[in-house]
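Open the model in your viewer and keep the sequence panel beside it. We will go from stop to stop, selecting as we go.

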Amino acid sequence: MAAASGAKLDAALTDLGWRDMLDEMPEVAVPLVFRLLGETGTHAPVLNDVVLRAAGAAPGDTLPLPFAGGCWVIWERGEAAGSAIDEALPIRRVPHGDSLPRAAVDAGRRALGWWLAGAGRAMLALARRHALDRVQFGRHISSFQAVRHRLAETLVAIEGAEATLHVAANSDDPDSLATLLAKAAAGQAALTAARHCQQVLGGIGFTAEHALHHHVKRSLTLDGLLGSTRELTRDAGKTLLDRGFAPRLAEL
């Protein structure tokens with residue numbers, strides 16, 4: 001997947017049977033494809049397919065998607081880039097869009113959650129490799145407790161987000177609270193990874209030549225789609241206040 005991106009990767013996934021997999025076994029196809037997109041730093045407009053399928057429409061087209069702050073965007077299937085956050089993504093703003101069915105929003109949020117988790121793992125891999133290679137004061141920095149704590153906290157956040165995504169995929173909660181929390185957890189995990197891995201990488205992580213900033217920008221864009229971490233956390237709080245109790249979303 002790392003050899004191509006954008007329209008080329010979209011065409012390659014279609015040839016490999018992505019849309020058939022999405023129809024026949026979405027519980028396997030979505031985590032697999034979207035986590036790999038995050039881990040490899042590539043992109044393809046396949047979020048459209050997930051949302052369209054859940055809305056009862058045929059995949060292969062595009063549709064307006066809500067973005068953080070009340071905006072609407074379209075993820076084009078071509079190569080033209082238009083995102084102010086991530087110049088590599090063919091995303092452009094549109095004046096407005098139609099309200100999406102809840103099932104479509106939920107499916108899209110779970111897919112984005114896996115993409116964010118993959119991006120978090122990519123950042124963690126970069127920081128871990130740097131920690132193993134970098135020597136200071138005659139020691140590899142991977143032996144420093146502060147570095148180990150940052151890497152461990154990142155891994156825990158990612159693993160926790162993936163666990164919530166598994167729960168959300170099997171939840172029948174009428175308010176979609178599990179999916180809402182899963183997307184928020186994945187967004188928070190990616191932001192945690194960005195913060196901690198930047199600290200582990202130090203100055204090299206700020207350079208344009210290093211890959212970290214690509215993953216950070218990608219995570220910010222993905223977090224904003226279909227509700228940001230901050231917006232979803234606020235929505236979850238409102239849902240709990242309206243209910244008057246916290247439901248059991250998973251059996252531990």
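The tour below visits a helix, then a set of paired strands, then a single residue.

**Before you start**

This is a predicted model: local features need pLDDT of at least 70, side-chain atom pairs count only at pLDDT 80 or more, and totals for chains, interfaces and linings use all residues. Residues are numbered from 1 along each chain as its sequence is written, and side-chain values use heavy atoms, with hydrogens and water left out.

**Stop 1: helix α1**

Select residues 7-16, which make up helix α1. Helices here are DSSP runs of H or I with at least four residues, strands are runs of E with at least two, and both are numbered from the N terminus. Show the side chains of Leu9, Asp10 and Leu13: these are buried. Buried means under 20% relative accessible area, exposed over 50%, and partly exposed in between (1.4 Å probe, protein chains only). The three lie on the same side of α1, because they cover an arc of only 105° around the axis. That arc is taken from the directions from the helix axis to the C-beta atoms.

Now turn to the other side of α1. Lys8 and Asp15 are exposed there.

What covers the buried residues of α1? Add α2 (18-24), α3 (26-40) and α4 (46-54), which are included in the cover. Then pick Gly17, just after α1: its phi is positive, about 95°.

**Stop 2: strands β1, β2 and β3**

Select residues 71-75, strand β2. Five of its five residues are buried. Cys71, Val73 and Trp75 point one way, and Trp72 and Ile74 point the other way. In a regular strand the side chains alternate between the two faces of the sheet.

Add β1, residues 65-67. β1 and β2 run antiparallel, joined by three bridges; two strands pair if DSSP finds at least two bridges between them. Find Pro66, opposite Trp72 in β2. The two strands form a hairpin with three residues between them. In the turn, Gly69 has a positive phi of about 85°.

Next add β3, residues 91-94. β3 pairs with β2 in the antiparallel sense, over four bridges. Here Ile74 has Arg92 as its bridge partner.

**Stop 3: Ala119**

Select Ala119 in helix α5 (residues 102-133). Is Ala119 buried or exposed? Ala119 counts as buried, at 1% relative accessibility.

Which residues is Ala119 in contact with, leaving aside neighbours within four places in sequence? Show Gly38, Glu39 and Ser219. Contact means heavy atoms within 4.5 Å.

Finally, draw a distance from the C-alpha of Ala119 to that of Thr164: 16 Å, for residues 45 apart along the chain.
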